[in-house]
Structures are given as C-alpha cells and as structure tokens.
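I sat down with a cup of tea and a new structure today. Here are my notes, in the order I looked things up.

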Amino acid sequence: MKDPAKYLISPFVVCVSIAGLLAGGAWVWAGTALVLALLVIDIALPRDFSRRDPRYPALYDTVIIFTVLLGFVQIAVLAWQVGRAGWTTGTIVGASLNAGLIGFVPITAAIHELFHRRSPWQRVFGRWSQMLILDPLRERTHVVTHHLHVATPNDPDTARRGDNLYAFLPRSLAHQMLDAWKLDRMVCAKRGVGMISQHGMVFRAVLAVSAFLIAAAVIGGGWVAPLCVAGACLIPRVSLEIFNYVGHYGLVTEHPGRFAPRHTWNHLSPLVRVLSFEITNHAGHHVDSYKPFYLLEPDRTGPQQPHFLVCVLLAFVPPAWFAVIRPRLQDWDERFATDKERALAHAENVRAGWIDKPATATIVAAR
C-alpha cells in the first residue's frame, strides 16, 4: 500500500492550493510554495530507480482521477474568488499564477496519463480534462505526431541543437496547431463531412473552450474571471512545452518511428517521479505509451539530466542551459548514439554553429 500512498502527495498539493485560494491574501501562493519546497528537497535526494508495487491499480487510478477533478475545483474556486472576493490586483495576479503552476504540476501530468489509457472512459475523461490547459486538441497531436516522430526534425516537441527556449516555444505551438488542423481536415475528408460541423475536431474544440470560459464568467460574475481562468490554464499549456524542450533536447534517431530508450532524457528523482505521475520516467513511457504510470520501469543506464527543476530554470537562460546540456549531448554522442546517429548529431552541431565543419570520418559513417 505504501506505493499508491506516495502519489497522494499530488491531490494533497492541489487541496493546499484550493485552501490558499479560499483564504486569499498571501495564502494564494500556498500551493506553489509547497511544490517548490518539495522540489528543493528533491534536489538533495538520491535518484530513485525503484519499481512500483503493481498490485493496486484501482488505488493508483483513483488518485489520478481525484487529482484531475480537483483541478476543475481549483479553477472554479479561482473564478469565484476573482469575481466576488474583492481582491486587489496583486492578489488576483498571484492567484492566477499559482493556479497555473499547480495546473502544470501535478494536474497536467495526471491529464497526460489519462489520455494515454486504453480504457475508453478514462481516455474520454482525459480528453475533456484538457480544458484545464485550454487545448482540447493536445492529445491528438501528442499521440499522433510526437510519439511517432520523437527525436526527429518532424516532431514539434523535440528541440534541435542550438534552439533556445524563446524560439522553440512559438514554433512548437504553431506547428502543433497546424498539425491538429491538418489531421482534422484529413479525417473530415475521409468521412465526407465538413470541418465546421459536429464532426470537426477543431470546431468542437472552439465550442468547448468558449463554453468553458463562459462558465467561468458565470461563476465569477464578470469578465475578469474568464480572463484569469484563461491565463491560469495557458500557464500549464506553455509549461508542458518547456518540459518537452528540456526532456527531448538535441537527441536524434536513425530510425524515425522506432523509439529506443536512448532517445529521450530522464529525471528520476523520487519526488519529481511522484508529482509528475512518472512522466519524467520518460524512456519507459515512450517505450510503451499505453502502460500505466505505476508499471513503468526506470531506465538505470539511459541518458540522465540534472534535476528537473534545475533544468527548467536553466532553460530560461540560454547560455546557462547550453553550458549544461552541451557536455551531456557530447556524452550522449559518444556513449549512446549509433554510428549513423553520431553522424546525424555531428551535422546538427554544425547546423547549430557549435562546431565549424563536418568531420570526414563522420560523413563517411553516415553513408
């Protein structure tokens, strides 16, 4: 029972955030303060390569569902308090930021777990829960594009060598929206239906987002509430791409569509694993994206990065990020890459301007 109990930290964090929103004032930061405290403690802890006890699937699933439901409660409380509690502008901004950060960890991680499930009702619930990141289309582009094209230039979630976070984010988000449009157009064309209809995925998404924000306006009694809710929901949406930026940075593959554990970075510290519902157990998730989080096996020998919080903060300062990631990419090229991947990596280093020109031996190896 101790393994399922570990994951109760996540709904507890959301409950603390909700309580802080209800209390108002400086307490609106309570959830964020708790998460940051846990992550700072986690930096000092050794890596965790343990497997979870698989005997309690119903308990694990209950924690996941409860965490997501609390995410909806948090947004409803935010809308109510922003519209009716008479808060100052500073408190409103703080509450929205807090709800957004808690919306990323742990709520978005729980949503991600659900839309990868084989259970039809869990996948449907996961899809509708994407309203909490204000993007009902994210599951489609994630499953169809990202998992198929990871570690290739065709994957909008894979940052190439030399990319900084500020260039990556708008390009990734725009590419995902374009992929969703193309996918919707293709599906509607095959079915012989119009995109602007009940069958259109993009059309339904627009209606769903509109209804969600209207509901926030009704709860909050004005236009400020939906504005704050939109901001709070967009924070985890963007944060998800920051995770992708860090978690896939600079890696290449010689076999697009055929994932191997070396094709992603891992962050296997104990509290991050719990708060993220094992999404930082990254290689295991990509090996079998349908496998529930509690069955994932940590990759002991695969590519590792520094602590997740450290990487995310460094990503905002490109020179600092490059100083940390370039030596690890060099190590990946030498220890993990195949000959052809080493050649691809060398070409990426040239493209990024990290080295001046291709090496003859590398070009030969690529042929």
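**A buried glutamate, and onward**

I began with E278, which counts as buried because its relative accessibility is 1%, and the cut-off for buried is under 20%. A reminder to myself: this is a predicted model. I found E278 in the loop between α11 (270-275) and α12 (282-287). Its phi caught my eye, since E278 has a positive value of about 70° although it is not a glycine. Most residues other than glycine have a negative phi.

**Another positive phi**

I then turned to L134, which also has a positive phi, about 55°, without being a glycine. L134 sits in the loop between α6 and α7. Buried or exposed, I wondered about L134? I put L134 down as buried because its relative accessibility is 16%.

**A cis peptide bond**

Next I checked the backbone for peptide bonds worth a note. Most peptide bonds are trans. The one from V105 to P106 is cis, with omega near 15°. I located P106 in helix α5.

**Salt bridges**

How many salt bridges does a search of the whole structure find? I wrote down 23. I then looked at a few of them one by one.

One is between the side chains of R123 and E139, at 2.9 Å from N to O. R123 lies in helix α6 (residues 120-129) and E139 in helix α7 (residues 138-149), so this pair ties together parts that are 16 residues apart in sequence. I noted both R123 and E139 as buried.

Another joins D135 and R237, with 2.8 Å between the closest N and O atoms. D135 is in the loop between α6 and α7 and R237 is in helix α10 (residues 224-247), so the pair ties together parts that are 102 residues apart in sequence. Both D135 and R237 are buried.

I also looked up R138 and D157, whose closest N and O atoms are 2.8 Å apart in a salt bridge. This pair links distant parts of the chain: R138 is in helix α7 and D157 in the loop between α7 and α8 (165-191), 19 residues apart. R138 is buried, with a relative accessible area of 1%. D157 counts as buried because its relative accessibility is 1%. Which residues do shared partners join into one network? My list reads D135, R138, D157, R237 and E241.

**How α2 packs**

I moved on to the helices. α2 and helix α4 (residues 57-84) pack at an angle of about 10°, with their axes 9 Å apart. I call α2 and α4 roughly parallel, because angles under 35 degrees count that way. Among the residues making this contact are V14, I18 and L21 of α2, along with F66, L70 and V77 of α4.

For α2 and helix α5 (residues 89-114), the axes come within 10 Å and cross at roughly 170°. I call α2 and α5 roughly antiparallel, because the angle falls in the range over 145. Here S10, V13, V14, S17 and L21 in α2 meet A95, N98, I102, P106 and I107 in α5. I was pleased to meet P106 again, the residue that follows the cis bond from V105.

**A nonpolar patch on the surface**

Then I looked at the outside. W29, V93, L97 and L101 form a nonpolar patch on the surface, and together they have about 320 Å² of accessible area. I placed W29 in the loop between α2 (9-23) and α3 (30-43). W29 is partly exposed, with a relative accessible area of 36%.

**Two last residues**

I219 is in helix α9 (residues 201-220). I noted I219 as partly exposed because its relative accessibility is 31%. Leaving aside neighbours within four places in sequence, I219 is in contact with A76, A79, W80 and R84. The C-alpha atoms of I219 and R328 are separated by 49 Å, and these residues are 109 apart along the chain.

My final stop was N349, which lies in helix α15 (residues 339-352). N349 is buried, with a relative accessible area of 13%. Not counting residues up to four places away in sequence, N349 touches R161, D333, W354 and I355. The C-alpha atoms of N349 and G20 are 47 Å apart, with 329 residues of separation along the chain.

Conventions. Residues numbered from 1 in each chain as written. Predicted model: local features only at pLDDT ≥ 70, side-chain atom pairs only at ≥ 80, totals over all residues. Heavy atoms only, no water. Patch = residues over 30% accessible without salt bridge, like charges linked within 9 Å, V, L, I, M, F, W, Y side chains within 5 Å. Areas by Shrake-Rupley, 256 points an atom, 1.4 Å probe, with all protein chains shown as cover. Salt bridge = Lys/Arg side-chain N within 4 Å of Asp/Glu carboxyl O. Helix = DSSP H or I, 4+ residues; strand = E, 2+ residues; numbered from the N terminus. Buried < 20%, exposed > 50% of the residue type's maximum accessible area, 1.4 Å probe, protein only. Axes fitted to C-alpha atoms, helices over the stretch in contact; angles between N-to-C directions. Parallel < 35°, antiparallel > 145°, perpendicular 65-115°, else oblique. Contact = heavy atoms within 4.5 Å.
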